[in-house]
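Here is a short report on a protein model and its ligand. It starts at a loop, then moves to the binding site.

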Amino acid sequence: MKIITAKDYAQLSKAACDIVSDKLKKISQPVLGLATGSTPEGLYECLIERCNMGEISFRNATTFNLDEYVGLDETHPGSYQYYMKEKLFNHIDLPIERANVPSGTDADLEAHCKAYEEKIREIGKIDIQVLGIGVNGHIGFNEPGTSFDSRTHVVELDPSTIEVNSRFFDSIDEVPGKAVTMGIQTIMDADEVVLIISGENKADTVAAFMESDVTEDFPASILKKHPNFTLIVDEAAYSKVQTKA
Ligand code: GLP
């Protein structure tokens with residue numbers, strides 16, 4: 001595990017942007033694994049800026065998002081499809097047919113999950129997977145207790161996740177109770193993984209991550225076993241770690 005400690009959110013976003021930009025420059029047909037939530041917003045702003053300046057291009061890229069809420073389609077402002085269009089896809093030169101986000105509204109979600117995995121397999125592998133983390137250690141929507149062998153599947157969200165994510169909805173009652181998420185094994189199959197964590201409200205999570213054994217009770221802990229894994233944290237998020245690297 002490599003750890004990059006950034007001074008603040010701006011520096012963290014730039015560090016993540018440098019890593020993703022490098023992949024876009026070096027790989028002829030790059031495959032990016034993308035995340036949602038507040039944390040990657042700065043990364044996406046940076047990628048948009050560089051794309052507009054002609055420094056990087058998504059013309060030959062394919063993207064796979066981690067997750068989506070069950071029941072929300074792309075027109076719902078709380079959906080991750082909506083988020084991705086607003087925060088990234090509408091502003092870059094990525095051919096939209098190569099932007100993959102799991103569907104939360106497919107009539108047969110189980111079949112959709114299998115097809116999503118198959119699509120990743122067909123393309124080969126995800127070259128770089130960007131991740132955020134839930135306060136309970138979830139990655140994607142893989143809540144504590146999820147099998148490390150899991151592939152794309154439908155999950156029941158933790159009450160704590162529903163509460164934390166209610167800030168993206170008008171009320172907590174609007175937050176779906178289920179989601180589709182890439183599995184932990186899907187994430188671990190990526191060639192490289194970057195986990196970005198920012199802010200004081202994630203300080204306990206970062207401390208727990210650093211101290212945790214590799215256990216399904218804390219899903220992100222498996223990343224310590226990934227051969228090409230980088231943790232990018234800002235000082236606020238890193239503030240409660242006892243033994244600093
Ligand atoms: C959601 C997403 C995760 C994300 C997490 C943290 O639950 N499914 O992929 O990492 O939120 O989000 P934030 O960056 O807003 O703290």
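## Loops, a strand and a ligand site

Ile126 lies in the loop that joins helix 4 (109–123) to strand 6 (128–131). Helices (H or I, at least four residues) and strands (E, at least two) are DSSP runs, numbered from the N terminus. This is a predicted model, in which local features need pLDDT of at least 70 and side-chain atom pairs count only at pLDDT 80 or more, while totals for chains, interfaces and linings use all residues. Residues are numbered from 1 along each chain as its sequence is written, and side-chain values use heavy atoms, with hydrogens and water left out.

Ile126 is buried, at a relative accessible area of 3%. Buried means under 20% relative accessible area, exposed over 50%, and partly exposed in between (1.4 Å probe, protein chains only). Thr161 is 35 residues from Ile126 along the chain, and their C-alpha atoms are 26 Å apart.

Thr105 sits in the loop between strand 5 (99–100) and helix 4. Thr105 counts as partly exposed because its relative accessibility is 42%. Thr181 belongs to strand 8 (residues 178–181). Thr181 is buried, with a relative accessible area of 0%. A polar atom of the Thr181 side chain is 3.0 Å from the backbone nitrogen of Phe141.

Now the ligand. Which residues are closest to the ligand? They are Ser38, Thr39, Asp67, Arg167 and Lys202, out of 13 that surround the ligand. Near means that a heavy atom of the residue lies within 4 Å of the molecule. The shell divides into three nonpolar, seven polar and three charged residues. Here Ala, Val, Leu, Ile, Met, Phe, Trp, Tyr, Cys and Pro count as nonpolar, Asp, Glu, Lys and Arg as charged, and the others, Gly among them, as polar.

Backbone atoms of three residues approach ligand oxygen atoms:

| Residue | Distance from a backbone polar atom to a ligand oxygen |
|---|---|
| Ser38 | 2.7 Å |
| Gly132 | 3.4 Å |
| Ile133 | 3.3 Å |

Alone, the ligand exposes 390 Å², and the protein buries 95% of that. Accessible areas come from the Shrake-Rupley method with a 1.4 Å probe.

Arg167 lies in the loop between helix 5 (159–165) and strand 8. The side chains of Arg167 and Ser38 make a polar contact at 2.8 Å. A polar contact is a pair of N or O atoms within 3.5 Å; within protein, one must be able to donate a hydrogen and the other to accept it, and residues adjacent in sequence count only if both atoms are side-chain atoms. Arg167 and Gly78 are 89 residues apart along the chain, with their C-alpha atoms 9.7 Å apart.
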